[in-house]
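Here is a short report on one protein chain. Look at the model first, then read on.

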Amino acid sequence: MAPTATLLSSDSPDVSGHTGSYPPSVLKMNAPTDFPLFPPTASSSRPQEVLDAPARTQFAFDPIEDALAAFARGEFLVVMDDESRENEGDLIIAASAVSTQKMAWMIKHTSGYICIALPGSRLEELQIPMMVPTNEDRHRTAYTVTVDYKHGTTTGISAHDRALTARALASPAVTSPAAFSRPGHMVPLRAREGGVRTRRGHTESAVDLCALAGLPRAGVLCELVEDNEEGSMMRRDACRRFADRWGIKMISVEQLARYREEHEHEGEGSS
C-alpha cells in the first residue's frame, strides 16, 4: 500500500500502522542511554551490496511511492537536487531508524559531515541556536550549533555516538536542552516551514520524508562522494549506479515537491 500523501504530525499513524512517537515505556525513561530503532521493524544492518544488479540502459528515478514505502521501513534513500543547484545526491534516512552500523556505512560513503534536519520548533525546544548570526552559505543552508547527546556517549565522534545523538534528537522522550553538550559532532539543520514547497533543499526533503512516512520529523543526511583520490562529489549518473549497487531507491527533490503539491491539492479540493 502506498504511503499517505498528507504531511503527518509526530504522533500520526503511518502506512504501516505504527505511529511517529515512541512507546510509553520509552517516553517515561529518565535520561535514557539508548533509544530503540523506530519504526520497530527497522533493521539495524547496513545496506547489502547487490552483486548482480542489472545495468541500466537509460537513467531513471524510482517511483516516489516506492521510495516513500522504503523510507517508512527505515531504509536509506538517495535524493538528488537540481543540476542547476548543488547537483549533489544525499543519503537520507530517518534519524529514529539510524543504527551504529547504518551510521558507519553512511560515514564511509559520504563526505562524513553528517547533518540532521529538524523543524524549527524542535530546535527551539532544545535551545539549539543558529551557528552564525549572518548566513553567508550560497544556498542558505541553515546550520545550527553542533551537539552531542550526553548520556551513553564518549567523545561524540564515533558512529555509535553520532547515531545515538541522532536518535536522541528525534526522540520525544528528550525534551531538556541540558541533554546535549555544545559544541558537538552532529550538525543540526533548521528546515524551513512548508518544506520542499518553500525551499527545494535536501534539508527540507529530509523532514518532509519523515513526515510523509509517519516518523519523527528528524532526518539524517550527507552528500555522497566518489571513491577516488580527490574524494569528488558524486553526480547524477554515479548516484544512480551507487543506488543500484546497494539496493537503495533514488528520487529527486523535485519529485518530492510535485508529489506534495499534487496530493495536498487533491486533499484541499476534497475538504
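## Chain and sheet

Of the chain's 271 residues, 51% count as buried (under 20% relative accessible area with a 1.4 Å probe, protein chains only; exposed is over 50%, and partly exposed lies in between). This is a predicted model: local features need pLDDT of at least 70, side-chain atom pairs count only at pLDDT 80 or more, and totals for chains, interfaces and linings use all residues. Residues are numbered from 1 along each chain as its sequence is written, and side-chain values use heavy atoms, without hydrogens and water.

The chain has eight helices and seven strands. These are DSSP runs, numbered from the N terminus: helices are H or I with at least four residues, strands E with at least two.

How are the seven strands ordered in the sheet? The order is β4-β5-β3-β6-β2-β1-β7, in an open sheet with mixed pairing. Two strands pair if DSSP finds at least two bridges between them. β4 and β7 stand at the edges with a single partner strand each, so one side of each lacks a neighbour in the sheet.

Strands β1 and β7 pair in the parallel sense over four bridges. Here Val79 stands opposite Ile251 in β7.

Helix α3 packs on the sheet and touches β2, β5 and β6. Contact means heavy atoms within 4.5 Å. The residue ranges are listed below.

| Element | Residues |
|---|---|
| Helix α3 | residues 100–109 |
| Strand β2 | residues 89–94 |
| Strand β5 | residues 180–191 |
| Strand β6 | residues 219–223 |

Definitions and conventions:
Axes are lines fitted to C-alpha atoms, for helices over the stretch in contact, and angles run from 0 to 180 degrees between N-to-C directions.
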